[in-house]
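This report sets out how the strands, helices and selected residues of one protein chain are arranged. It is written to be read with the sequence and the coordinates at hand.

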Amino acid sequence: MSERSILLVEDNPMDEALTLRALKRNNILNTVNVVRDGAEALDFLFGAGAPDTLPQLILLDLKLPKVDGLEVLRRIRSEERTQILPVVILTTSTE
């Protein structure tokens with residue numbers, strides 16, 4: 001994994017493709033790691049195989065299966081290692 005990677009947490013394949021296309025169109029060349037639910041996101045960040053180098057940015061969908069985005073955000077903010085990590089919330093919800 002690149003030192004300056006982005007973690008995209010998105011369960012909708014169309015939204016994932018749209019986000020990746022927008023990053024590419026704007027010449028964002030960072031490695032993008034994609035996980036598709038909140039449990040995968042937590043495992044990626046805190047699990048046994050968690051990377052030594054954290055992503056530089058997390059793009060986080062709020063409505064996720066297994067563990068919702070708000071709970072993922074709570075966990076990120078509660079851990080010293082990740083509490084200042086930039087997180088951008090994404091949602092297509094009209095609520």
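The structure is a predicted model. In it, helices α2 and α3 are roughly parallel to each other, because their axes cross at roughly 15° and angles under 35 degrees count as roughly parallel. The axes of α2 (residues 38-46) and α3 (residues 69-78) come within 9 Å, and the crossing of the two helices is right-handed. From α2, the residues G38, A41, L42, L45 and F46 take part in the meeting; from α3, the residues are V72, R75 and I76.

**The sheet**

An open sheet of 4 strands, with parallel pairing, has the order β2-β1-β3-β4. β2 and β4 (87-90) stand at the edges; each has a single partner strand, so one side of each is left without a neighbour in the sheet. On average, neighbouring strands of this sheet are turned by 15° against each other, direction ignored. Strands of a sheet pair through backbone hydrogen bonds, either parallel or antiparallel. The pairings in this model are listed below, each with one example of facing residues.

| Strand pair | Sense and bridges | One bridge partnership |
|---|---|---|
| β1 (residues 6-9) and β2 (residues 32-35) | parallel, 4 bridges | L7 with N33 |
| β1 and β3 (residues 57-61) | parallel, 4 bridges | V9 with L60 |
| β3 and β4 | parallel, 4 bridges | I58 with V87 |

Strand β1 carries buried residues on both of its sides: I6 and L8 point one way, L7 and V9 point the other way, and all are buried. The connection from β1 to β2 passes through helix α1 (residues 13-25), and this β-α-β crossover is right-handed. In β2, the residue opposite L8 is V34. The edge strand β2 has two unlike faces, with N33 and V35 on the covered face and V32 and V34 on the uncovered one.

Helix α3, described above as the partner of α2, also lies across the sheet. α3 lies across β3 and β4, and runs at about 150° to β3.

**Residues of the helices and loops**

T19 belongs to helix α1. Is T19 buried or exposed? With a relative accessible area of 16%, T19 is buried, because the limit for a buried residue is under 20%. Apart from residues up to four places away in sequence, T19 touches L8, L59 and L90. Of these contacts, L8 is one of the buried residues of β1.

V67 lies in the loop between β3 and α3. Which residues does V67 touch, not counting residues up to four places away in sequence? They are G38, A39, L42 and V72. Among them, G38 and L42 of α2 and V72 of α3 also take part in the meeting of the two helices. The C-alpha atoms of V67 and G38 are separated by 4.4 Å, although the two residues are 29 residues apart along the chain.

K66 is also placed in the loop between β3 and α3. Phi of K66 is near 70°, a positive value in a residue other than glycine. K66 is exposed, with a relative accessible area of 71%.

N27, in the loop between α1 and β2, likewise has a positive phi, of about 60°, although it is not a glycine. At 60% relative accessibility, N27 counts as exposed.

**The segment before the sheet**

E3 is placed in the segment before β1. E3 is exposed, with a relative accessible area of 60%. Leaving aside its neighbours within four places in sequence, E3 is in contact with T53, L54 and Q56. The C-alpha atoms of E3 and P86 are separated by 15 Å, and these two residues lie 83 residues apart along the chain.

Methods:
Residues are numbered from 1 along each chain as its sequence is written. This is a predicted model: local features need pLDDT of at least 70, side-chain atom pairs count only at pLDDT 80 or more; totals for chains, interfaces and linings use all residues. Side-chain values use heavy atoms; hydrogens and water are left out. Buried means under 20% relative accessible area, exposed over 50%, partly exposed in between (1.4 Å probe, protein chains only). Two strands pair if DSSP finds at least two bridges between them. A crossover is right-handed if, with the strands pointing away from the viewer, the path from the first strand over the helix to the second runs clockwise. Axes are lines fitted to C-alpha atoms, for helices over the stretch in contact, and angles run from 0 to 180 degrees between N-to-C directions. Angles under 35 degrees count as roughly parallel, over 145 as roughly antiparallel, 65 to 115 as roughly perpendicular and the rest as oblique. A crossing is left-handed if the near helix is turned anticlockwise from the far one by less than a right angle, and right-handed if clockwise. Contact means heavy atoms within 4.5 Å.
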